[in-house]
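Biologist: Could you pick one part of this model and go through it slowly, side chain by side chain? After that, I'd like to hear what else in the chain is worth a look.

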Amino acid sequence: MDLAREAAEETAYPFPVGEHLGLRPEGDRVVTHDFASHDPAYVGWRWSVTVTRASRAKIVTVSECVLLPGDDALLAPPWVPWLERLRPGDLGPGDLLPTAPDDVRLVPGYTQVDDSIEHEAAWELGLGRVRVLSQEGRDEAAARWYDGVAGPRASIATSAPAQCSTCGFFVALAGELRQVFGVCANEYAPDDGRVVSADHGCGAHSEAVSIPAASEHGPPIIDELGYDVVPVGAAADGAEIQDEEALGHS
């Protein structure tokens with residue numbers, strides 16, 4: 001215990017080490033002693049010192065000395081991957097949000113077929129309403145949306161990897177407006193639930209998948225410092241001298 005306390009005090013300097021909190025065997029000739037920590041930055045922690053003795057040896061040595069949290073210690077929250085920490089509205093201009101190839105929100109376009117397409121084709125705009133948008137009203141709305149923050153000239157669109165028209169989260173509008181506009185359905189995109197132009201864009205594009213970089217090997221390294229000793233026969237000395245002179249060696 002005295003050896004363990006000495007190691008803890010040396011490591012904890014300049015803060016003192018508190019009372020002995022107990023010990024526990026870790027194996028053959030291996031014991032860990034716990035001491036209370038009086039460091040004001042580590043309230044509720046303890047110094048854990050492991051001492052051991054080699055087989056057939058008489059001297060006990062310190063194996064390790066670490067600071068471990070106790071039951072009342074203040075700890076950092078558990079680490080969460082960045083994709084799970086991301087919240088709607090976190091994506092800004094220039095940010096790229098890769099979409100996983102197996103994202104459950106996306107399916108190949110040829111597999112998503114249902115009866116709603118026929119119902120949309122048979123539905124008449126304005127049925128059951130007293131008044132609907134005129135051509136002038138639609139043109140004004142289209143110009144306003146196209147020139148706004150959801151158009152192609154927005155700062156987030158100019159740095160996007162692709163346009164909304166090729167994104168799987170782009171839901172086209174009905175009628176004439178579907179040729180230019182749609183609604184974003186990506187909860188992580190800044191325009192989620194808003195009308196965007198087909199040539200708008202952001203970093204949360206459905207095809208912005210992360211592709212691992214290809215492994216590249218560096219050029220071969222030639223060892224110009226080493227040399228090989230080659231035995232030379234006495235009979236071939238004259239021929240070798242001629243060959244060396246022909247190569248520019250003397």
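Modeller: Let's start with Glu26 and Arg24, whose side chains meet in a salt bridge with 3.2 Å from N to O (a Lys or Arg side-chain nitrogen within 4 Å of an Asp or Glu carboxyl oxygen). Before going on: this is a predicted model, where local features need pLDDT (the predictor's confidence in each residue, from 0 to 100) of at least 70 and side-chain atom pairs count only at 80 or more, while totals for chains, interfaces and linings use all residues. Numbering runs from 1 along each chain as its sequence is written, and side-chain values use heavy atoms, with hydrogens and water left out.

Back to that pair. Glu26 has 45% relative accessibility and therefore counts as partly exposed, and Arg24 gets that label too, at 28% (buried is under 20% relative accessible area, exposed over 50%, partly exposed in between, with a 1.4 Å probe and protein chains only).

Now follow the charges along. Asp34 and Arg46 form a salt bridge through their side chains, 3.5 Å from N to O. Asp34 sits in strand β2 (residues 30-37) and Arg46 in strand β3 (residues 45-53), so this pair ties together parts that are twelve residues apart in sequence (helices, H or I with at least four residues, and strands, E with at least two, are DSSP runs numbered from the N terminus). What is the accessibility label of Asp34? With a relative accessibility of 9%, Asp34 is buried. Its partner Arg46, at 22%, is partly exposed.

The two bridges don't stand apart, either: Arg24, Glu26, Asp34 and Arg46 are linked in a salt-bridge network. You can see another piece of it at Asp34, whose side chain makes a polar contact of 2.6 Å with the side chain of Arg24 (N or O atoms within 3.5 Å; within protein, one able to donate a hydrogen and the other to accept it, with sequence-adjacent residues counting only if both atoms are side-chain atoms). And who else surrounds Asp34? Leaving aside neighbours within four places in sequence, Asp34 is in contact with Glu19, His20, Leu21, Gly22, Arg24, Arg46, Trp47 and Ser48 (heavy atoms within 4.5 Å). Arg24 and Arg46 are thus on that contact list as well as in the network.

That's the close-up; now the rest of the chain. The whole structure has six salt bridges. One that lies outside the part above joins Glu176 to Arg138, with the closest N and O atoms 3.8 Å apart. Glu176 is in the loop between β5 (170-172) and β6 (181-184), and Arg138 is in helix α4 (residues 135-147), so the pair ties together parts that are 38 residues apart in sequence. Glu176 is partly exposed at 48% relative accessibility, whereas Arg138 is buried at 17%.

Next, the rings. There are three aromatic pairs (Phe, Tyr and Trp rings, the six-membered one for Trp, with centres within 6.5 Å; under 30 degrees between planes is stacked, over 60 edge-to-face, the rest tilted). Tyr42 and Trp45 have ring centres 5.1 Å apart and planes at 80°, which makes the pair edge-to-face. Tyr42 is partly exposed, at 34% relative accessible area, but Trp45 is buried at 18%.

Tyr146 and Phe181 are also edge-to-face, at 6.5 Å centre to centre and 80° between the planes. Tyr146 belongs to helix α4 and Phe181 to strand β6, so here the pair ties together parts 35 residues apart in sequence. Tyr146 is partly exposed at 26%, Phe181 is buried at 2%, and together with Trp145 they form one aromatic cluster.

Strand β6 also holds Gly182, which is buried at 0% relative accessibility. Not counting residues up to four places away in sequence, Gly182 touches Phe170, Val171, Ala172, Leu173, Arg194, Val195 and Val196. The C-alpha atom of Gly182 is 8.5 Å from that of Cys164, 18 residues apart along the chain.

Last, a word on confidence. The chain's mean pLDDT is 79, and 79% of its residues reach 70 or more. Over residues 211-215 the pLDDT is below 50, and this stretch has zero contacts in the model beyond near neighbours in sequence.
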